[in-house]
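Colleague: I would like to go through this model with you. Please keep the answers short and give the cut-offs.

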Amino acid sequence: MNVTLEQYMRPAVAGGCLCFVLVGCPVGIWFSKRDYLSAFITCFLPIVVLYYPLLLCGINLTRNGRWHPALCLWGCNIVMLTIALGLLRRLIRN
């Protein structure tokens with residue numbers, strides 16, 4: 001089971017970087033004329049509060065054999081992409 005987990009985890013974590021960029025771009029544009037620390041914290045909070053807990057929960061569910069690794073590990077990327085699309089949509093409207 002650990003080999004299967006690792007096969008799904010590596011591309012999922014690599015895809016997470018794309019999600020971080022897609023969340024960070026609209027926030028960076030909104031905070032472009034403000035201070036850098038608040039922009040960094042605003043971009044970093046969804047990653048710490050949502051992405052990593054969901055990823056660790058998915059890893060544990062996969063190790064226990066309860067859920068399929070693709071669903072668990074790519075689920076956190078789907079959540080972050082949903083947030084990113086919402087932020088991009090809001091940025092385009094303004």
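The questions below go from the overall fold to single side chains.

Modeller: The model is predicted, so local features need pLDDT of at least 70 and side-chain atom pairs pLDDT 80 or more, while totals for chains, interfaces and linings use all residues. Residues are numbered from 1 along each chain as its sequence is written, and side-chain values use heavy atoms, with hydrogens and water left out.

Colleague: In what order do the elements of the protein run from the N terminus on?

Modeller: Helices are DSSP runs of H or I with at least four residues; strands are runs of E with at least two. The protein has three helices and zero strands. From the N terminus, the order is α-α-α.

Colleague: What does the C-alpha trace span along its principal axes?

Modeller: The span refers to the C-alpha trace of the protein. Along the principal axes it is about 50 × 25 × 15 Å.

Colleague: What percentage of the 94 residues counts as buried?

Modeller: Buried means under 20% relative accessible area, exposed over 50%, and partly exposed in between, with a 1.4 Å probe and protein chains only. The protein exposes about 6,400 Å² by the Shrake-Rupley method with a 1.4 Å probe. Carbon and sulfur atoms supply 68% of that area. Of the 94 residues, the buried share is 30%.

Colleague: What share of the contacts with a separation of 6 or more comes from residues 24 or more positions apart?

Modeller: A contact means heavy atoms within 4.5 Å. Among contacts with a separation of 6 or more, residues 24 or more positions apart account for 73%.

Colleague: Is the pair of Phe-20 and Tyr-52 stacked, edge-to-face or tilted?

Modeller: Rings of Phe, Tyr and Trp (its six-membered ring) pair if their centres lie within 6.5 Å; planes under 30 degrees apart are stacked, over 60 edge-to-face, the rest tilted. The structure holds four aromatic pairs. Here the centres are 6.3 Å apart and the planes stand at 55 degrees, so the pair is tilted.

Colleague: Which helices does this pair of Phe-20 and Tyr-52 link?

Modeller: The two residues are 32 residues apart, so to speak in distant parts of the chain. Phe-20 lies in helix α1 (residues 2-30) and Tyr-52 in helix α2 (residues 36-63). The helices are α1 and α2.

Colleague: Which residues form one aromatic cluster?

Modeller: Tyr-51 and Tyr-52 have ring centres 5.2 Å apart and planes at 80 degrees, so they pair edge-to-face. Tyr-51 is buried at 1% relative accessible area. Phe-20 is partly exposed at 21%, and Tyr-52 is partly exposed at 39%. The cluster is Phe-20, Tyr-51 and Tyr-52.

Colleague: Over which ring does the charged end of Arg-90 sit?

Modeller: A charge sits over a ring if NZ of Lys or CZ of Arg is within 6 Å of the ring centre and within 35 degrees of the ring normal. Arg-34 does this over Phe-31, 4.9 Å from the ring centre. For Arg-90 the distance is 5.5 Å, and the ring is that of Trp-30.

Colleague: Which backbone oxygen does the side chain of Asn-77 reach?

Modeller: Asn-77 is in helix α3 (residues 69-93) and is buried, at 2% relative accessible area. Beyond four places in sequence, Asn-77 is in contact with Ala-12, Gly-15, Gly-16, Cys-19 and Tyr-51. At 2.8 Å, its side chain reaches the backbone oxygen of Ala-12.

Colleague: Which side chains meet in a salt bridge?

Modeller: A salt bridge is a side-chain nitrogen of Lys or Arg within 4 Å of a carboxyl oxygen of Asp or Glu. The structure holds one. Its partners both lie in helix α1, four residues apart, about one turn of the helix. At 2.9 Å, N to O, they are Glu-6 and Arg-10.

Colleague: Is Arg-10 buried or exposed?

Modeller: Its partner Glu-6 is partly exposed, at 31% relative accessible area. Arg-10 has 60% relative accessibility, so it counts as exposed.

Colleague: How far apart in space are Leu-22 and Leu-87, C-alpha to C-alpha?

Modeller: Leu-22 is in helix α1. Leaving out residues up to four places away, Leu-22 touches Leu-81, Ala-84 and Leu-88. Leu-87 is 65 residues from Leu-22 in sequence, and the C-alpha distance is 8.7 Å.

Technical notes. A polar contact is a pair of N or O atoms within 3.5 Å; within protein, one must be able to donate a hydrogen and the other to accept it, and residues adjacent in sequence count only if both atoms are side-chain atoms.
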